[in-house]
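Here are my notes for someone opening this entry without background. Please read them with the structure in view.

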Amino acid sequence: MRSQDYDRLYLSPPHLGRHELNYVHKAIEDNWVAPAGPNITGFEADICAAVGVPYAVALTSGTAAIHLGLILLGVGPGDEVLCPSFTFVATANPIVYLGATPVFVDSEPETWNLCPERLREAIVDRIAKGKKPKALILVHLYGMPAKLPEILALAQEFDIPILEDAAEALGSEWQQQPLGGFGRVGVFSFNGNKILTTSGGGALVTYDRALAERARFLATQAKDDAPHYQHSETGYNYRLSNILAGIGRGQMELLPERVKRRRQIFDWYREHLAPLPGITVALAPEPAGSRSNRWLTTTLLNPADPEAAPTAPGATPETLRLHLETRNIESRPLWKPLHLQPLFAAAPMYGGAVCEDLFARGLCLPSGSAMTDGDLRRVKEALAEALS
Ligand SMILES: *Cc1c(COP(=O)(O)O)cnc(C)c1O
């Protein structure tokens, strides 16, 4: 079984601490084995404290949080929702659940997130075509803050509410403000591969008390206030279990440490891969004001820098990935842009050259916070072999 393959270096495996089990133990002792209980309340309070927002709702996944978040922003059948093309499919799937259409926008090369110029083009063009986008999903890919001042200004100018998909960006900051609190609704994921995990889980955060209450209502089958089971709207079963929230409480204690280690790993790769020909650690340095949690360290082949050594002929992200695999090391291409996915072949797209190029040249390296420097050396040596 893969999980017992101790020699294998995974991209971003779960990294548990010493206190998760205490919270889980207590939940079982007290019979709080339900989607309600003190671990949920505690986990939500921990998230509020870490993100600096007044309300958090713990949910079964980040995808569920995006789904509810879009409902809170009024998205429904026939609406259009602006969304970066360069992201994980879970960002866009909930748009489709609601019968709405994603309108994809290219990245800019500095942070790889939504390009403000293409975004303006998209908004102006959609309005000219007769439909103002109902919402904008803002993603901070690999933990790197998007161009917030420009994007927030556009959202304000056109009065389009933002759902901030911070699934990969827990612990990242823009001008000392934690990401996740910049939209009307923010979303986190606690999936097994994220910087913190509850095995599976997510959270929705907001400054708006009414929105938080509505999220809780919708997440528990939209039960009206009555002694019997009374329902006036369609609800969902999206609340996190009190057991998993216990894991979350233990994990939240570790957030600063986990960010610190991911950042060290990024810096290690940056220093030690520098002599290798034809590969660069990407998204470095951070733009002024940005602090990334460095969830995954990403690299690019064939560096654009004319001073950099060229990549050996024939070497591609896929040949590197296959070579690392022979050394029992997991690596992955960057996210495949959504406008290139068969699923979204008919969706409108603004720009595309930037994210297509990133996908063609990029590779994510093992970045789990439990990695030792010995593990990092193993990855470096395997890359050196592949690039020689
Ligand atoms: C992981 C992820 C999600 C979805 O979170 P789940 O908890 O796996 O449902 C959404 N958006 C992005 C950018 C992600 O990386």
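1. Salt bridges. The structure holds 20 salt bridges. Please keep in mind that this is a predicted model. One salt bridge joins the side chains of E325 and R8, with N to O at 2.8 Å. The two partners come from distant parts of the chain, 317 residues apart. E325 belongs to helix α10 (residues 317–326). R8 lies in the segment before α1 (20–29).

2. Helix α10 again. H323 also sits in helix α10. Which residues does H323 touch, leaving aside its neighbours within four places in sequence? The contacts are A382, E385 and A386. For A382, the C-alpha atom is 7.3 Å from that of H323. Along the chain, H323 and A382 are 59 residues apart.

3. Two domains. The domain assignment splits the protein chain into domain 1 (19–254) and domain 2 (256–387). Taken over C-alpha atoms, the centres of domain 1 and domain 2 are separated by 26 Å. On the contact count, 45 residues of domain 1 meet 39 residues of domain 2.

4. Buried area. About 3600 Å² is buried between domain 1 and domain 2. Carbon and sulfur atoms give 66% of that area. Which residues of domain 1 lose the most area to domain 2? They are F104, W112 and Y142. Together these three account for 22% of what the domain 1 side buries.

5. Polar side of the interface. How many salt bridges does the rule find across the interface of domain 1 and domain 2? The count is zero. Polar contacts are present: 23 residue pairs make them between domain 1 and domain 2, with both residues at pLDDT 80 or more.

6. What domain 1 brings to the interface. Four elements give two or more residues to the side that touches domain 2. The helices are α4 (93–97) and α5 (116–128). The strands are β3 (101–105) and β6 (173–174). By residue class, this side of domain 1 divides into 23 nonpolar, 11 polar and 11 charged.

7. Aromatic pairs. The rule counts eight aromatic pairs. One of them is Y142 with W295: the ring centres are 6.4 Å apart and the planes are at 20 degrees, so the pair is stacked. The cut-off for stacking is planes under 30 degrees apart. Y142 and W295 are 153 residues apart and link distant parts of the chain. Y142 is in the loop between β4 (135–139) and α6 (148–157). W295 is in the loop between β11 (290–291) and β12 (297–301). Y142 was also named above, among the residues of domain 1 that lose the most area to domain 2.

8. Backbone points to check. Is the peptide bond from A284 to P285 cis or trans? This bond is cis, with omega near -10 degrees. P285 lies in the loop between β10 (279–281) and β11. Q175 is a second place to look: its phi is near 45 degrees, a positive value in a residue other than glycine. Q175 is in the loop between β6 and β7 (177–178).

How values were computed: Residues numbered from 1 in each chain as written. Predicted model: local features only at pLDDT ≥ 70, side-chain atom pairs only at ≥ 80, totals over all residues. Heavy atoms only, no water. Domains from an automatic or database assignment. Contact = heavy atoms within 4.5 Å. Buried area = accessible area lost by both parts, 1.4 Å probe. Salt bridge = Lys/Arg side-chain N within 4 Å of Asp/Glu carboxyl O. Polar contact = N/O pair within 3.5 Å; in protein donor to acceptor, adjacent residues only side chain to side chain. Nonpolar A, V, L, I, M, F, W, Y, C, P; charged D, E, K, R; others polar. Phe/Tyr/Trp six-rings, centres within 6.5 Å; stacked < 30°, edge-to-face > 60°.
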